Amino acid sequence: MSSVHIEAQPGEIAETVLLPGDPLRAKYVAENMLDEAVCYNRVRNMLGYTGFYQGKQVSIQGAGMGMGSTSIYVHELINTYQVKNLIRVGTCGAIKEDLAIGEIILAMSASGDSGANSSYFEGMHYAATADFGLLLKAYQIAAKLKIPTHQGSVFSTDTFYDDNPTRWDKWENHGILGIEMESQILFTLAHKFKVKALSILTVSDNLITGQFSDHAEREQSYIDMMKIALELA
Ligand code: HPA
């Protein structure tokens, strides 16, 4: 039986799934970095593929933007397809001045502003954390590949556009490295369903300096991040 938003049959998705927001990134990685990749999902054009990286089976599934979309794919991958390791491969906007475009963050935890999260926890604040084993392994793989990484916390927001220019000051003062829109729900659902999750993020823009990358630059800095994620499988 397939799930509501994924048409794969059970067994067609690997135990480890990489989760880019953009389904065309899933397609690009499947076609350029995996062997024998097969597309298992075209529902809503949210492409998903299973293939092999250095002989190990791995899947890559587009998950869309924001916690609403991400939560649907994460929930179905875990509960219908028995996925055990979910690794977000995405971008974030840095809120530390010295974080440059293209640098990589291994997210240890994710704070956030999601109403869904606070209503789920009845107004209390859940500290959503990555799986330590995956985090440690990613750190070690990056060191072996000589890819520099930052380890730290990120903030998952429901609102990409906001009017308040000082919105992130307090969060930067409390050690948050970057802003994105998905990790908090990924970590929360992984803990709920007793599976493992990690987010690996490249800096696509800097909200303090106003620096941002164009589409081509984003593609380039994506490769290092993908190598770390694929080696994790
Ligand atoms: N804000 C929220 N999410 C993001 C950003 C941002 O600036 N950059 C990449 N993902």
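Helices in these legends are DSSP runs of H or I with at least four residues, and they are numbered from the N terminus. The model shown is predicted.

**View 1. Helix α4 and its two ends.** Helix α4 covers residues 132-144. At 1.5 Å a residue, its 13 residues should span 18 Å, and the end C-alpha atoms are 18 Å apart, which agrees. At the N-terminal end, D131 caps the helix, with a side-chain oxygen 3.1 Å from the backbone nitrogen of G133. Just after α4, K146 takes a positive phi of about 60°.

**View 2. The two sides of α4.** Buried in α4 are L134, L135, A138, I141 and A142. Down the axis of α4 these buried residues fall within an arc of 130°, so they line one face of the helix. An α-helix has 3.6 residues a turn, so residues three or four places apart point the same way. Exposed F132 and K144 are on the face of α4 turned away from the buried side.

**View 3. Helix α1, its start and its sides.** Helix α1 covers residues 23-33. At its start, a side-chain oxygen of D22 comes to within 2.8 Å of the backbone nitrogen of L24. The buried residues of α1 are P23, R25, A26, V29, A30 and M33. Viewed down the axis of α1, they fall within an arc of 155°, so they line one face of the helix. L24 and E31 are exposed, on the face turned away from the buried side of α1.

**View 4. The second largest cavity, between residues of α1 and α7.** Two cavities of 30 Å³ or more are present in the structure, and the second largest has a volume of about 30 Å³. Its lining consists of R25, Y28, V29, M33, Y222, I223 and M226. Helices α1 and α7 (215-232) each supply at least two of these residues. With four residues, α1 gives the most. Six lining residues are nonpolar, none is polar and one is charged. R25, V29 and M33 of this lining are also among the buried residues of α1.

**View 5. The largest cavity.** About 40 Å³ of space lies in this cavity. L19, P20, G21, A63, G64, T70, R88 and E182 line it. The lining divides into three nonpolar, three polar and two charged residues.

**View 6. The largest pocket.** This pocket has a volume of about 780 Å³. Of the 35 residues that line it, T91, F160, M181, S204 and D205 lie nearest its centre. The elements giving two or more residues to the lining are β5 (85-94), β9 (176-180), β10 (196-206) and α7. Strand β5 gives the most, with six residues. By type, the lining holds 14 nonpolar, 11 polar and 10 charged residues. Helix α7 thus appears in this view as well as in the lining of the second largest cavity.

**View 7. The second largest pocket.** The volume of this pocket is about 220 Å³. It is lined by 14 residues, and S71, A116, N117, Y120 and I185 are the ones nearest its centre. Helices α2 (66-79), α3 (115-120) and α6 (183-192) each supply at least two lining residues. Five residues, the largest share, come from α6. The lining has six nonpolar, six polar and two charged residues.

Notes
Residues are numbered from 1 along each chain as its sequence is written. This is a predicted model: local features need pLDDT of at least 70, side-chain atom pairs count only at pLDDT 80 or more; totals for chains, interfaces and linings use all residues. Side-chain values use heavy atoms; hydrogens and water are left out. On a 1 Å grid over the protein atoms alone, a cavity is a set of points where a 1.4 Å probe fits but cannot get out, and a pocket is an open set with protein on both sides within 12 Å along at least five of seven lines; lining residues have an atom within 4 Å of a point. Grid points are joined across faces, edges and corners, and a volume is the space filled by probe spheres set on the points. Ala, Val, Leu, Ile, Met, Phe, Trp, Tyr, Cys and Pro count as nonpolar, Asp, Glu, Lys and Arg as charged, and the others, Gly among them, as polar. Buried means under 20% relative accessible area, exposed over 50%, partly exposed in between (1.4 Å probe, protein chains only). The arc is that of the directions from the helix axis to the C-beta atoms. A polar contact is a pair of N or O atoms within 3.5 Å; within protein, one must be able to donate a hydrogen and the other to accept it, and residues adjacent in sequence count only if both atoms are side-chain atoms. The expected span of a helix is 1.5 Å times one less than its number of residues.
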